[in-house]
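Visitor: I'd like to learn how to read a few features off a model like this. Could you walk me through some, starting with a side chain and its backbone partners?

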Amino acid sequence: MSTVKTPTPTSPREPGNKPRTAGGMSAGMPVRFASRIRVDRRYLPVIGTLVVLALMLIIGGSRYENFLSGRVISNLFINNSFLIVLAVGMTFVILTGGIDLSVGSVVALSGISAASLLQSGWPAAVVIPLVVLIGTVIGLVVGIMVHVFEIQPFIATLAAMFLARGLCYVISLQSIPINDDTFVSIASWKQQFGEEWRITTSVVIALVVVAIAFYMLHYTQFGRTVYAIGGGEQSAMLMGLPVARTKVLVYVVSGTCAGIGGLLFAMFSRSGYSLTGVGMELDAIAAVVIGGTILTGGTGFVLGSVLGVLVLGLIQTIITFEGTLSSWWTKIVIGGLLLVFVILQRVLVVRRR
Amino acid sequence: MSTAAPATPTWQRVTQHRLFWPVVALVALFVANTIANPGFLSLRLQDGHLFGALINLLRGGSPLLLIALGMTLVIATRGIDLSVGAVVAISGAVALSFIASSSDPSSVTTVLVAIGIALALSLVLGVWNGFLVSVVGIQPIIATLVLMTAGRGVAMLITGGQITTVNSAPFKTLGSGFWLGLPVAVFVAGGVFALVAFLTRRTALGMLIESVGINPEASRLAGVKSRSIIWTVYAVCGLFAGLGGLIISSNVMAADANNAGLFIELDAILAVVIGGTSLSGGKFSLAGTLVGVLIIQTLTVTVTMLGISPSVTPLFKAIVVIAVCLAQSPKIRDAVAARRRRAARTSQAAEVAA
């Protein structure tokens, strides 16, 4: 009974399954959604994430000294700023029911391009927008492949992933240090608040990206179209929404975010390396799912994804604080948490029906 | 497609076969290799074993073929299995840790028990994936993402974070041994391929799998046990991934929890898609998967042969994926078909006028 509602999240556009898309599920869902479900239900997964976050903070705070300090929380944001940006971009794609596997390699490509261009003497003022643009262009290419040529997002972004990673290797196999004065001074800017709280350039950029994404998703026509496509592409098309443009644009948004993420990672590590970001796309997807966005699209929030990233970051922090646990426990715990959230989502979806 | 043409010539039937472009790509790769290295297609007999680039190609491709076979079945039910790489790592880690901890690493019994344990565990992992997808009803991509993320951690746990190396002649046979002049791994992969082909194409199983992929609910109403079928394909996929993992670890005689089978899930999915199996399920082609695996493996070999740094391989893979996907994309096919129809109509009109 349940399997019919779980198509691969990849291809609502595949011509073969038109009857399915046009069926009762996608067309009827938003209506029932509005009339039967109270607003609080939409927030349930996000509230779940918030509870987990609070629990982790409480457990950490009670187990370790200095855990609930401004320094730890500040570092949480500083160390995960690039992942926040990636998760924000990924949220847009997943909300439409797609997926973007290319972000990890785009991070590496944008980082190593920045390092290589700066090394050959380009001014930082040119390099910074240029490397973000690299992400945008890759996103645009993916969007065109997905929309115009009707290649499933999974495969199109997989191709983009190989492409970006291959280009990284072409640029350089070695790690390139970044010594450009302007870039280093931008990267090392920080603002201290009191004894322990501090923010860096990358945190500021990440928060600005979150704010812009929040505005775009909840207060613009583009954002509403994103939700509408996730709820049912056919219905969105029949409503006269600009489905084509929006579907391409979500990949552009995700690519741009990956470009920014690469820049932040380059600031974080002061270098560019072609092997950065291997598996980072999975972290981003995990953060989005833990943050309450449903992979079939249509439900989820940018702020939820930010919470998801913080949960992932806190797992790492707790394992560091514990000291005796080996680093591979991080992966096992993230996998377990992912499972819990996915089952939670599943229960919510079943109950909604 | 070309119903407008009066009679479909044989060459046109050939070009319209869905495996035409993948096979052309494979032949092109072979030609490129032979030009770069005239000895590419040659085989020589040494110590009763066949040697040559082609044999290495087949041997290197066997684990990928095993994994891609399982993946084909999963994708045919409209699913996907991202966890095969992690299963590869776990299976290798379990087998090698068991052999390393045993008192007699080179006894055949030890090796057989190790292989048995590893395969049983892989089957359990596959069953777990199948349970999440078919019973709990989680989307396949995320259900298998759980094991993909946690699995490498588990493999690290088994090996204690070290790269376990062992010295065991019987286990080495699986990956680098020869039998009747051919690598043992090729026999394993070939045997599994034949078995799967027989079970799916000579019994109703293949059709049932495809019907579940087209519409699980309708299949269930028609009396197909869609839940058991979905569960089974994930279990089988896990088992095959475990077998692939054993061959990979036997090749290097080391269990590396971090790097064994890294990205092999992507290569397997790629091979399946290049072979013409649609990610939206409902139809699959085992022969296509075989061609896809050979393309991927040849691509890897080609890059090395042409003297390009092996790290550029992803770039070539990207180009091949994009080219094959574009060639298969409905838009391009329609455009080509439309032009062919127009051409046919013009020639007909010309004949009439004459």
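Guide: Sure. Start with the side chain of A:Asp180, which reaches the backbone nitrogen of A:Phe183 at 3.0 Å. The backbone nitrogen of A:Thr182 also lies 3.2 Å from a polar atom of that A:Asp180 side chain. Keep in mind that this is a predicted model.

Visitor: Where does A:Asp180 lie in chain A?

Guide: A:Asp180 is in the loop between β1 (176-177) and α8 (181-187) of chain A.

Visitor: And what does A:Asp180 touch, leaving out residues up to four places away in sequence?

Guide: A:Leu118, A:Trp122 and A:Ala124.

Visitor: Which side chain of opposite charge is nearest to A:Asp180?

Guide: That's A:Arg270, 11 Å away. A salt bridge needs the charged atoms within 4 Å, and A:Asp180 has none, although it is buried.

Visitor: What about the backbone of A:Arg270? How should I read its phi?

Guide: Look at the sign and the residue type together. A:Arg270 has a positive phi of about 55 degrees, and it is not a glycine. It sits in the loop between α12 (243-269) and β4 (271-272) of chain A.

Visitor: Is A:Arg270 buried, exposed or partly exposed?

Guide: It counts as partly exposed because its relative accessibility is 33%. Compare B:Arg78, another non-glycine residue with a positive phi, near 70 degrees. B:Arg78 is in the loop between α3 (53-76) and α4 (84-101) of chain B. Its relative accessible area is 9%, so B:Arg78 is buried.

Visitor: Now the interface. How do people usually put a number on one?

Guide: The size of an interface is often given as the accessible area lost when the parts come together. Here, the area buried between chain B and chain A is about 4600 Å², with carbon and sulfur atoms giving 79% of it. In chain B, the residues that lose the most area to chain A are B:Arg78, B:Gln139 and B:Ile141, together 12% of what that side buries. So B:Arg78, buried at 9%, turns up again here.

Visitor: How many residues are in contact, and how many salt bridges are there between the chains?

Guide: 58 residues of chain B are in contact with 51 residues of chain A. The salt bridge count between the two chains is zero. Residue pairs in polar contact, with both at pLDDT 80 or more, also come to zero.

Visitor: Which helix gives the most to chain B's side?

Guide: α6(B), with 13 residues. By class, the side of chain B that touches chain A has 36 nonpolar, 15 polar and seven charged residues.

Key
Residues are numbered from 1 along each chain as its sequence is written. Chains are lettered from A and ligands numbered from 1 in the order in which they are written. Side-chain values use heavy atoms; hydrogens and water are left out. Helices (H or I, at least four residues) and strands (E, at least two) are DSSP runs, numbered from the N terminus. Buried means under 20% relative accessible area, exposed over 50%, partly exposed in between (1.4 Å probe, protein chains only). Contact means heavy atoms within 4.5 Å. Buried area is the accessible area (1.4 Å probe) that two parts lose on being put together, summed over both. A polar contact is a pair of N or O atoms within 3.5 Å; within protein, one must be able to donate a hydrogen and the other to accept it, and residues adjacent in sequence count only if both atoms are side-chain atoms. Ala, Val, Leu, Ile, Met, Phe, Trp, Tyr, Cys and Pro count as nonpolar, Asp, Glu, Lys and Arg as charged, and the others, Gly among them, as polar. Lys and Arg count as positive and Asp and Glu as negative; His and the chain ends are not counted.
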